[in-house]
Number of protein chains: 2
Amino acid sequence: MSAPPETVIEALAAGLPAGAVVTDSDVVAGYSMDRTMFCPVGKALALVHARETPQVQHVMRVASEYAVPVVPQGARSGLSGAANASDGCILLNLEKMNRVLEIDPPNRLAVTQPGTFNADLSRAVAEHGLFYPPDPSSWEFCSIGGNVSTNSGGLCCVKYGVTTDYVLALEVVLASGEVLRTGRRTVKGVAGYDLTRLFVGSEGTLGVITEITLLLRPAAEQPLTVAAVFDSARTAAQAVTDVVTCGVVPSLLEFMDRVSVQAVNEAFSMGFSPDAEAVVLAQSDAGGDRSRSEIERLAAVLEQAGATEVAVADDPAEGELLLKGRREVLTALERLGTTMIDDVCVPRTKLAELVERIEAVSADCGLTIGVVGHAGDGNFHPTVVFDGQDREQVERAKRAFDDIMAISLDLGGTITGEHGVGVLKMGLLERELGQLSLDVHRRIKRALDPQGILNPGKIFTP
Amino acid sequence: MSAPPETVIEALAAGLPAGAVVTDSDVVAGYSMDRTMFCPVGKALALVHARETPQVQHVMRVASEYAVPVVPQGARSGLSGAANASDGCILLNLEKMNRVLEIDPPNRLAVTQPGTFNADLSRAVAEHGLFYPPDPSSWEFCSIGGNVSTNSGGLCCVKYGVTTDYVLALEVVLASGEVLRTGRRTVKGVAGYDLTRLFVGSEGTLGVITEITLLLRPAAEQPLTVAAVFDSARTAAQAVTDVVTCGVVPSLLEFMDRVSVQAVNEAFSMGFSPDAEAVVLAQSDAGGDRSRSEIERLAAVLEQAGATEVAVADDPAEGELLLKGRREVLTALERLGTTMIDDVCVPRTKLAELVERIEAVSADCGLTIGVVGHAGDGNFHPTVVFDGQDREQVERAKRAFDDIMAISLDLGGTITGEHGVGVLKMGLLERELGQLSLDVHRRIKRALDPQGILNPGKIFTP
């Protein structure tokens with residue numbers, strides 16, 4: 001690096017309010033990583049809390065002038081290390097830019113700063129009878145900016161799609177400090193390239209997102225729920241395919257393998273049969289009679305597919321009870337040891353093979369692996385459980401984690417369905433995308449960030 | 001240009017089957033334009049009919065070697081001149097690449113070549129109980145490749161979204177002749193940048209799309225229909241807002257102004273009241289009882305909003321009769337003269353203002369303008385009617401056309417909701433996007449097409 005750190009810090013402070021630039025090494029270290037374990041963390045130069053777009057512009061101008069890397073970050077709830085510090089970087093934290101700027105019910109859209117938590121935005125629009133569907137499990141502590149940067153999913157994607165499907169427009173501060181506006185406030189629009197969706201999922205490598213315009217839906221109806229128990233994962237997997245082809249689009253379609261089911265049984269006395277090898281959960285929020293007829297159809301399909309037990313919840317509260325097991329899988333697995341949550345997505349028909357091959361990985365590495373996930377999308381979170389204090393087990397866990405991604409690629413899937421590549425999954429990206437695609441990625445990156453100062457070393461090597 | 005035309009033509013022919021390269025000037029001229037009127041058309045060097053990806057690669061390699069512009073085109077049903085020849089270009093026509101390569105019902109996806117007509121693909125997947133929603137009015141004679149290149153919409157977008165929402169993966173031949181694969185076969189996936197959606201809507205300026213993987217839905221239910229007549233466009237516009245905020249998402253929500261209604265009345269004796277100032281049509285395909293309750297709710301909302309007449313179709317056939325008027329607007333207007341169809345999209349709450357300001361344009365230029373469109377998305381097709389033989393009227397029509405786009409921008413809208421920019425709307429793009437956005441467009445274009453040979457002079461100037 002050319003300029004001494006003090007020069008950069010002085011230049012940052014010169015254009016920011018007192019206290020915005022933090023150099024206390026403990027505080028900076030505390031902001032230097034997201035929730036990803038066993039992922040490289042560098043030593044940042046400073047932490048900046050930005051409160052408005054001109055402050056972000058100032059940071060980018062200073063970073064450009066001195067060619068200093070910038071790592072944009074929100075609530076740091078990520079699971080791939082995309083928000084981790086790199087050596088000598090400025091951590092540009094946006095969690096204080098957390099105001100919902102506008103809710104426009106007649107046009108069914110909302111405008112928010114990036115630091116707003118998903119749950120806060122969701123509740124704010126719900127007060128207007130509106131619905132922001134993307135619902136990552138971390139919704140209470142993840143920010144919309146992070147959701148946009150990784151194109152987050154959740155449980156409702158099987159019916160309602162993922163984050164990118166709801167992003168209408170962005171304000172983005174480019175590497176140069178210029179403010180780019182992409183997209184529009186209209187539902188449709190094809191004027192020029194889809195720059196909005198180029199920034200969605202780009203994990204802070206192309207620009208710093210400072211404002212987000214989101215499309216909303218009318219409030220969904222309370223869902224009805226069906227839970228089905230199976231005596232083999234293969235039968236349950238076929239049942240998922242049967243649901244996908246039955247003509248009903250459920251608003252949720254989740255899968256838990258034996259490890260997950262028995263873990264929640266033990267931890268929370270959920271009362272699933274001790275013989276349960278898999279559980280499939282489905283919901284319908286079609287509304288009124290239609291919810292009832294859809295849930296009955298789903299129950300019939302699951303039963304016909306060979307479920308040993310099918311329970312239909314009579315009301316939303318009972319349904320939430322059935323779902324509780326699914327929601328608590330990770331907590332239950334965490335009681336068994338340290339966990340590494342993978343995030344693969346395969347064609348929906350490959351679920352049985354995925355589960356069986358992960359069982360083989362588990363046997364091979366001698367570690368417990370629970371498979372749980374959004375079966376309706378083919379998106380699973382195999383979770384490796386191990387002793388985090390035992391170096392050798394950590395190595396085995398990391399190998400199992402990588403093996404699971406390789407299996408997903410073998411099955412025609414992807415290494416990440418909704419968590420992103422970050423640092424954690426960079427090693428396998430070329431295998432998924434190929435050399436030419438990576439080359440195109442690098443050309444686009446250079447076109448927008450010629451000095452390579454925006455979150456360098458994330459997603460792909462420069 | 002450096003190389004003489006004969007050299008380029010010989011090089012093209014050397015790698016292609018006999019007959020693939022056409023130089024007959026009448027045939028070439030016949031392929032030199034889409035359906036856009038009053039739009040510049042250049043003189044092409046040659047026309048190439050490609051039948052497979054390696055042939056497209058050959059064309060791009062030759063074009064790269066000799067720095068010759070290439071204009072990719074499909075069925076040439078476009079309405080912005082994006083497929084029009086530029087001087088000295090190779091017209092790279094893909095209409096013979098029209099095979100549906102795969103339909104995979106359990107994974108609900110289809111793979112097709114770009115030349116397949118939208119209607120053919122839709123019918124092919126319908127045989128498997130599946131549904132490809134995007135339904136541009138030209139669906140019987142537009143190609144999927146063209147739909148992807150312009151991110152086409154249609155009538156069902158209000159519930160089901162537009163083309164880009166259904167594109168999972170692409171095979172694209174780059175300017176260099178290399179074959180890039182983007183996207184995936186899984187429902188979700190966030191590995192790397194969203195290159196797929198960068199190519200969707202790029203109107204042939206970034207690559208030549210040679211294969212498309214599409215997400216499908218289960219077959220929709222037959223819709224029920226409600227038609228409402230209003231004695232003022234402003235009341236009808238408010239009714240549209242009331243529908244958007246009523247909690248029901250209709251599967252179609254269309255608007256016709258007085259000019260459109262009376263034109264179909266005259267042409268086809270549709271029986272709308274001669275006092276009708278506007279008609280709003282809505283459908284529900286929620287299924288079963290739910291369709292019935294939704295359509296009744298929509299009817300009640302329209303009535304409460306002040307409709308002078310509300311008709312609910314008792315069955316799908318009767319509904320199709322109600323829709324016939326909407327479908328025939330363009331044909332009816334064409335009986336009155338030459339037509340230029342605009343394509344603007346405004347925030348849904350701006351419909352009344354749009355109609356009133358277009359009435360002022362009509363009065364001002366002394367030409368009939370019918371406003372019809374996808375009200376649920378705020379996407380309208382104001383259609384200027386004039387005497388195409390009268391130069392002075394043509395000039396007035398073009399001015400009215402541009403005025404309508406400017407009004408859309410004034411109202412916070414876009415110059416194009418689904419037809420694309422092409423050549424026709426280039427002049428106003430900078431006003432919509434701003435100089436910085438155009439600069440980013442150019443940087444991305446250069447990153448992928450450094451010689452600028454892919455459809456140069458479309459969307460924006462180099």
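# A walk through a two-chain model

Let's start with a small detail: B:Glu392 and B:Arg396 sit four residues apart in helix H14 (residues 391-410) of chain B, so about one helical turn separates them. An α-helix has 3.6 residues a turn, so residues three or four places apart point the same way. Here the two side chains join up: B:Glu392 forms a salt bridge with B:Arg396, and the closest N and O atoms are 2.8 Å apart. B:Glu392 counts as partly exposed, at 43% relative accessibility. Keep in mind throughout that this is a predicted model.

Now zoom out to chain A. Chain A is built from 16 helices and 21 strands. Its radius of gyration is 23 Å, close to the 23 Å that the globule rule gives for 462 residues, so chain A is as compact as a globular protein of that length. If you box up the C-alpha atoms of chain A along the principal axes, you need roughly 70 × 60 × 40 Å. Of the 462 residues in chain A, 64% count as buried. The contacts reach a long way along the sequence, too: among those in chain A between residues at least 6 apart, 71% join residues at least 24 apart.

For a view of the inside, pick out helix H4 (residues 118-126) of chain A. A:Asn118, A:Ala119, A:Leu121, A:Ser122, A:Ala124 and A:Val125 are buried in this helix. What lies over them? The cover for the buried residues of H4(A) includes strands S5 (100-104), S6 (109-112), S7 (130-131) and S10 (208-215) of chain A, along with helix H5 (144-150) of chain A.

Next, look at where the two chains meet. Chain A brings 78 residues to the contact, and chain B brings 78 residues. Between them the chains bury about 6200 Å², with 60% of that on carbon and sulfur atoms. On the chain A side, A:Lys188, A:Val190 and A:Tyr193 lose the most area to chain B, together 16% of what that side buries.

There's plenty of polar pairing across this interface as well. Eight salt bridges are counted between chain A and chain B. One pair to find is A:Arg290 and B:Glu221, whose side chains meet in a salt bridge at 3.1 Å, N to O. Polar contacts across the interface of chain A and chain B come to 26 residue pairs, with both residues at pLDDT 80 or more. Which elements give two or more residues to the side of chain A that touches chain B? They are strands S9 (179-183) and S11 (217-218), plus helices H7 (195-199), H8 (233-244), H10 (288-304), H15 (426-433) and H16 (435-448), each of chain A. H16(A) gives the most to that side, with nine residues. Sorted by class, the side of chain A that touches chain B has 32 nonpolar, 29 polar and 17 charged residues.

Salt bridges deserve a tour of their own. A search over all chains of the whole structure finds 53 of them. Some form a network: A:Asp165, A:Asp194, A:Arg197, B:Asp165, B:Asp194 and B:Arg197 are linked in this way. Then there's a pair within chain B, B:Arg326 and B:Glu254, whose side chains meet in a salt bridge at 2.6 Å, N to O. This pair ties together distant parts of the chain, with B:Arg326 in helix H11 (residues 316-327) of chain B and B:Glu254 in strand S13 (residues 252-257) of chain B, 72 residues apart. Are these partners buried or exposed? B:Arg326 counts as buried at 7% relative accessibility, and B:Glu254 is buried with a relative accessible area of 0%.

Set beside that a pair in chain A: the side chains of A:Glu328 and A:Lys324 meet in a salt bridge at 4.0 Å, N to O. A:Glu328 counts as partly exposed at 21% relative accessibility, and A:Lys324 is also partly exposed, at 32%.

Last stop: the backbone. Most residues other than glycine have a negative phi. B:Arg76 has a positive phi, near 55°, and you'll find B:Arg76 in the loop between strand S3 (70-73) and strand S4 (90-93) of chain B. B:Asn151 has a positive phi too, near 55°. Look for B:Asn151 in the loop between helix H5 (144-150) and helix H6 (157-160) of chain B. B:Asn151 is in a loop, yet B:Asn151 is buried, with a relative accessible area of 11%.

Conventions: Residues are numbered from 1 along each chain as its sequence is written. Chains are lettered from A and ligands numbered from 1 in the order in which they are written. Side-chain values use heavy atoms; hydrogens and water are left out. Contact means heavy atoms within 4.5 Å. Buried area is the accessible area (1.4 Å probe) that two parts lose on being put together, summed over both. A polar contact is a pair of N or O atoms within 3.5 Å; within protein, one must be able to donate a hydrogen and the other to accept it, and residues adjacent in sequence count only if both atoms are side-chain atoms. Ala, Val, Leu, Ile, Met, Phe, Trp, Tyr, Cys and Pro count as nonpolar, Asp, Glu, Lys and Arg as charged, and the others, Gly among them, as polar. Buried means under 20% relative accessible area, exposed over 50%, partly exposed in between (1.4 Å probe, protein chains only). The radius of gyration is taken over C-alpha atoms; the globule rule is 2.2 Å times the number of residues to the power 0.38.
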